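Here's a quick briefing to read alongside the model. Have the viewer open and click through the residues as they come up.

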Amino acid sequence: MKIHAIQTGTVRVKASQCVGRGRGPMRQMNIMLDSTWTEPLPIFAWAIETAAEGVIVVDTGETARTRAPGYFPRWHPYFRFAVKLDVTPEQEIGPRLRNLGIRPEDVRTVILTHLHTDHAGGLHHFPKSEILVGEAEF
């Protein structure tokens with residue numbers, strides 16, 4: 001078995017999102033009003049090569065399409081004020097897998113831990129894979 005950590009770009013978020021100040025709506029407001037950003041944080045996906053199950057991908061990282069105007073809803077304050085994504089097309093999971101000698105079309109199963117965009121943004125690279133996500137998350 002081989003396990004590959006695959007970085008699919010970086011993200012910067014407000015520092016208060018990492019620490020958390022306040023509860024409920026106040027916590028969210030504190031994130032929006034915070035002027036301090038984290039350093040770039042890696043966005044990871046994982047490829048697991050197994051003899052029995054073939055290649056399994058856990059999360060798909062982010063997509064470079066986040067750079068395109070209109071990708072995120074303009075009305076959503078989080079994407080406008082609280083997150084800065086940096087992903088190039090070459091950093092998406094498809095090209096990263098190819099660099100490892102794995103063709104995305106050979107991935108049998110994709111497991112999504114949850115449906116945030118930095119975990120499911122690269123899903124378009126796996127149109128023929130079985131996609132698994134927990135029922136509560138779905």
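**Quick tour**

Asp86 sits in strand 4, and that's a handy place to start. Bear in mind that this is a predicted model. The protein chain has five helices and six strands, and the notes below go from one residue to the whole chain, then to the pocket and a few more spots worth a click.

**Asp86, the starting point**

- Asp86 counts as partly exposed, because its relative accessibility is 38%, which falls between the 20% limit for buried and the 50% limit for exposed.
- Set aside the neighbours within four places in sequence, and Asp86 is in contact with Gly9, Thr10, Arg67 and Gln91.
- For a distance to check, take Asp86 and Ala64: they're 22 residues apart in sequence, and their C-alpha atoms are 7.6 Å apart in space.

**The whole chain**

- Going along the sequence, the elements of the protein chain come in the order β-α-α-β-β-α-β-α-β-α-β.
- The C-alpha trace spans about 50 × 30 × 25 Å along its principal axes.
- The protein chain has 138 residues, and 36% of them count as buried.
- Take the contacts between residues at least 6 apart in sequence: 66% of those join residues at least 24 apart.
- Accessible surface adds up to about 8,500 Å² for the protein chain, with 56% of that belonging to carbon and sulfur atoms.
- On the charge side, there are 16 positive and 15 negative charges, and the mean positions of the two sets are 8 Å apart.

**The largest pocket**

- The largest pocket holds about 380 Å³ of space.
- It has 15 lining residues, and Gln17, Tyr78, Val83, His116 and Asp118 are the closest to its centre.
- Which elements each supply at least two residues of the lining? They are strand 1 (2-13), helix 2 (24-33), helix 3 (77-81), strand 4 (83-86) and helix 5 (117-120).
- Helix 2 gives the most to that lining, with three residues.
- Strand 4 is worth a second look here, as one of the elements in that lining list and also the home of Asp86.

**Strand 3 and the loop after it**

- Val58 belongs to strand 3, while Asp59 lies in the loop between strand 3 (54-58) and helix 3.
- Val58 has a relative accessible area of 17%, so it counts as buried.
- Beyond its neighbours within four places in sequence, Val58 is in contact with Ala45, Trp46, Ile48, Ile111 and Thr113.
- Val58 and Ala5 are 53 residues apart along the chain, with 9.8 Å between their C-alpha atoms.
- Is Asp59 buried or exposed? Asp59 counts as buried, because its relative accessibility is 5%.
- Asp59 also has a backbone quirk to look up: a positive phi of about 65°, although it isn't a glycine.
- For context, most residues other than glycine have a negative phi.

**Ala47 in strand 2**

- Ala47 has its place in strand 2 (residues 41-50).
- With a relative accessible area of 0%, Ala47 is buried.
- What does Ala47 touch, not counting residues up to four places away in sequence? The list is Lys2, Ile3, His4, Ile6, Ile56, Val57 and Leu97.
- One of those partners, His4, also gives a distance: Ala47 and His4 are 43 residues apart in sequence and 5.1 Å apart in space, C-alpha to C-alpha.

**His119 in helix 5**

- His119 is found in helix 5, an element that supplies at least two residues of the largest pocket's lining.
- His119 counts as buried, because its relative accessible area is 18% and the cut-off for buried is under 20%.
- Residues up to four places away in sequence aside, His119 touches Asp59, Thr60, Gly61, Leu112, Thr113 and His114.
- Two names there link back to the strand 3 notes: Asp59 is the residue with the positive phi, and Thr113 is also in contact with Val58.
- His119 and Gly20 are 99 residues apart along the chain, and 21 Å separates their C-alpha atoms.

Methods:
Residues are numbered from 1 along each chain as its sequence is written. This is a predicted model: local features need pLDDT of at least 70, side-chain atom pairs count only at pLDDT 80 or more; totals for chains, interfaces and linings use all residues. Side-chain values use heavy atoms; hydrogens and water are left out. Helices (H or I, at least four residues) and strands (E, at least two) are DSSP runs, numbered from the N terminus. Buried means under 20% relative accessible area, exposed over 50%, partly exposed in between (1.4 Å probe, protein chains only). Contact means heavy atoms within 4.5 Å. Accessible areas come from the Shrake-Rupley method with a 1.4 Å probe; for residues, only the protein chains shown count as cover. Lys and Arg count as positive and Asp and Glu as negative; His and the chain ends are not counted. The place of a charge is taken as NZ of Lys, CZ of Arg, CG of Asp or CD of Glu. On a 1 Å grid over the protein atoms alone, a cavity is a set of points where a 1.4 Å probe fits but cannot get out, and a pocket is an open set with protein on both sides within 12 Å along at least five of seven lines; lining residues have an atom within 4 Å of a point. Grid points are joined across faces, edges and corners, and a volume is the space filled by probe spheres set on the points.
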